[in-house]
Amino acid sequence: MTAASDGAPGIEIHGVDFVRGGEHILRDVTAVAPAGRFTGVIGPNGSGKSTLLSMVMRWQRPDSGRVLLGGRDVHDIRRRDFARMVAEVEQHSATVLELTVEQIVELGTIPNASGWGRPLGEASADVDDALRTLGIEDLRLRAWQTLSGGERQKVQMARALAQRPQVLVLDEPTNHLDVAAGLHLLDVACGLGLTVLAAVHDLQLAAMYCDRLIVLDDGRVHAVGTPDEVLTPELLAEVYGLDAQVMRHPVTGGPLIVMCGVADDSERGQR
Ligand SMILES: Nc1ncnc2c1ncn2[C@@H]1O[C@H](COP(=O)(O)OP(=O)(O)OP(=O)(O)O)[C@@H](O)[C@H]1O
């Protein structure tokens with residue numbers, strides 16, 4: 001799989017606040033996703049992970065603060081340039097369109113086509129490449145509506161790769177996938193040299209694949225750093241209320257998280 005990874009821009013998030021219904025959903029969030037590295041956003045349900053990704057994707061504007069891509073405010077980047085640079089896989093990818101897998105993946109090639117209005121159905125090398133990379137060539141002619149949740153997730157990743165982006169923004173990219181498929185998808189995402197920013201629930205996958213982690217809790221940055229720095233028993237107790245031990249993974253040498261249960265209330269930090 002080839003990707004437009006040369007000179008992938010980094011993402012900088014500066015002092016982002018986002019308030020809805022009188023509630024601070026994000027509060028003074030400052031973090032970076034370095035160029036060409038895989039940065040995970042972790043944190044409990046409702047901690048603000050998807051909202052933060054939506055700021056990067058320009059779906060929502062911060063009430064204050066800024067998100068920079070390659071040093072430029074994302075809202076100052078022309079729509080087409082942004083579409084060429086950044087691909088997203090959403091948490092709940094739905095489409096009401098009656099499209100085949102091939103047509104959906106081809107949607108990803110539109111930003112790089114010479115004209116925006118290129119007709120669908122012209123299978124390109126990028127589509128073939130993306131289907132092959134995700135191992136879903138056999139789904140090519142299947143209707144989207146007939147796919148399982150995991151199959152849909154692979155198709156959406158293939159669409160994102162067919163875009164040949166420099167930046168991948170992934171919201172729970174493995175949540176419908178079986179264990180091996182999840183590992184394969186993250187291997188693909190890591191192997192392209194892109195800037196990746198991904199919300200990840202599975203802490204062991206975060207430990208194995210992420211170069212850096214941003215830990216959100218109640219809309220605030222609780223910690224940032226490498227998996228080794230961040231994934232400590234103390235942090236897992238404070239942020240998730242988990243009783244866990246962290247050992248050395250015998251193969252990767254990184255953190256190996258052994259879940260023991262839910263922490264006693266008295267062990268939880270200020271949440
Ligand atoms: N537009 C909105 N109006 C009101 N509340 C919102 C809005 N968007 C998000 N929220 C709330 O903000 C909080 C953060 O939501 P968000 O989806 O970012 O969390 P998350 O960390 O991605 O959660 P999960 O792990 O469950 O996917 C949640 O409590 C959510 O209900």
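**View 1. Asp218 sits in a turn of this predicted model.** Asp218 is partly exposed, because 17 other C-beta atoms lie within 10 Å, and a residue counts as buried when 20 or more do. The model you are looking at is a predicted one. Look for Asp218 in the loop between strand 9 and strand 10. Those two strands form a hairpin with 2 residues between them. The phi of Asp218 is near 55°, a positive value in a residue other than glycine.

**View 2. Strand 9 has a partner strand in each of two pairings.** Strand 9 and strand 10 pair in the antiparallel sense, over 5 bridges. To follow this pairing, find Leu213 and then its bridge partner in strand 10, Gly225. Strand 9 also runs parallel to strand 3 (residues 38-42), and 4 bridges join these two. Here you can start from Thr39, whose bridge partner in strand 9 is Arg212. A little background may help: strands of a sheet pair through backbone hydrogen bonds, either parallel or antiparallel. Is strand 9 largely enclosed or largely open? Of its 6 residues, 5 are buried, so strand 9 is largely enclosed by the rest of the structure.

**View 3. Two domains meet.** The chain is divided into domain 1 (11-227) and domain 2 (232-271). Their centres, taken over C-alpha atoms, are separated by 27 Å. Domain 1 brings 12 residues to the contact and domain 2 brings 8 residues. Which elements give two or more residues to the side of domain 1 that touches domain 2? They are helix 7 (203-209), strand 9 (212-217) and strand 10 (220-225). Helix 7 gives the most to this side, with 4 residues. Sorted by class, the residues on this side of domain 1 are 7 nonpolar, 3 polar and 2 charged.

**View 4. Twelve named residues surround the ligand: Arg20, Gly21, Ile25, Gly43, Asn45, Gly46, Ser47, Gly48, Lys49, Ser50, Thr51 and Ala199.** Try finding each of them around the ligand in turn. Helix 1 (residues 49-56) supplies the largest share of this shell, 3 residues. What classes of residue make up the shell around the ligand? There are 2 nonpolar, 8 polar and 2 charged residues.

**View 5. An open sheet has 4 strands.** Reading across this sheet, the strand order is 2-1-4-5, and the pairing is antiparallel. Its edge strands are strand 2 (23-33) and strand 5 (72-73), each of which pairs on one side only. Now move to strand 4 (residues 64-69): 2 bridges join strand 4 to strand 5, and these two run antiparallel. Leu69 stands opposite Arg72 in strand 5. As you trace a strand, keep one general pattern in mind: in a regular strand the side chains alternate between the two faces of the sheet.

**View 6. Helix 5 is largely enclosed.** Of the 14 residues of helix 5, 11 are buried, so the rest of the structure largely encloses this helix. Among the buried residues are Val155, Met157, Ala158, Leu161 and Ala162, and also Arg152, Lys154 and Arg159. What covers the buried residues of helix 5? The cover includes strand 6 (86-89), helix 3 (101-107), helix 4 (125-134), strand 7 and helix 6. You can also check the length of helix 5 (residues 149-162): at 1.5 Å a residue its 14 residues should span 20 Å, and its end C-alpha atoms are 20 Å apart, which agrees. Following helix 5 comes Arg164, with a positive phi near 50°.

**View 7. Trp144 and Glu172 both lie in loops.** Trp144 is found in the loop between helix 4 and helix 5. Trp144 is buried, because 21 other C-beta atoms lie within 10 Å and the cut-off for buried is 20 or more. From Trp144 to Val67 is 77 residues in sequence and 33 Å in space, C-alpha to C-alpha. Glu172 lies in the loop between strand 7 (167-171) and helix 6 (179-191). Is Glu172 buried or partly exposed? Glu172 is partly exposed, because 19 other C-beta atoms lie within 10 Å, and 20 or more are needed for buried. The phi of Glu172 is near 50°, a positive value in a residue other than glycine.

Key
Residues are numbered from 1 along each chain as its sequence is written. This is a predicted model: local features need pLDDT of at least 70, side-chain atom pairs count only at pLDDT 80 or more; totals for chains, interfaces and linings use all residues. A residue is near a molecule or strand if its C-beta atom, placed from the backbone, lies within 6 Å of it. Ala, Val, Leu, Ile, Met, Phe, Trp, Tyr, Cys and Pro count as nonpolar, Asp, Glu, Lys and Arg as charged, and the others, Gly among them, as polar. Domain bounds come from an automatic or database domain assignment. Two residues are in contact if their C-beta atoms, placed from the backbone, lie within 7 Å. A residue is buried if 20 or more other C-beta atoms lie within 10 Å of its own, exposed if 12 or fewer, and partly exposed in between; C-beta atoms are placed from the backbone. Two strands pair if DSSP finds at least two bridges between them. The expected span of a helix is 1.5 Å times one less than its number of residues.
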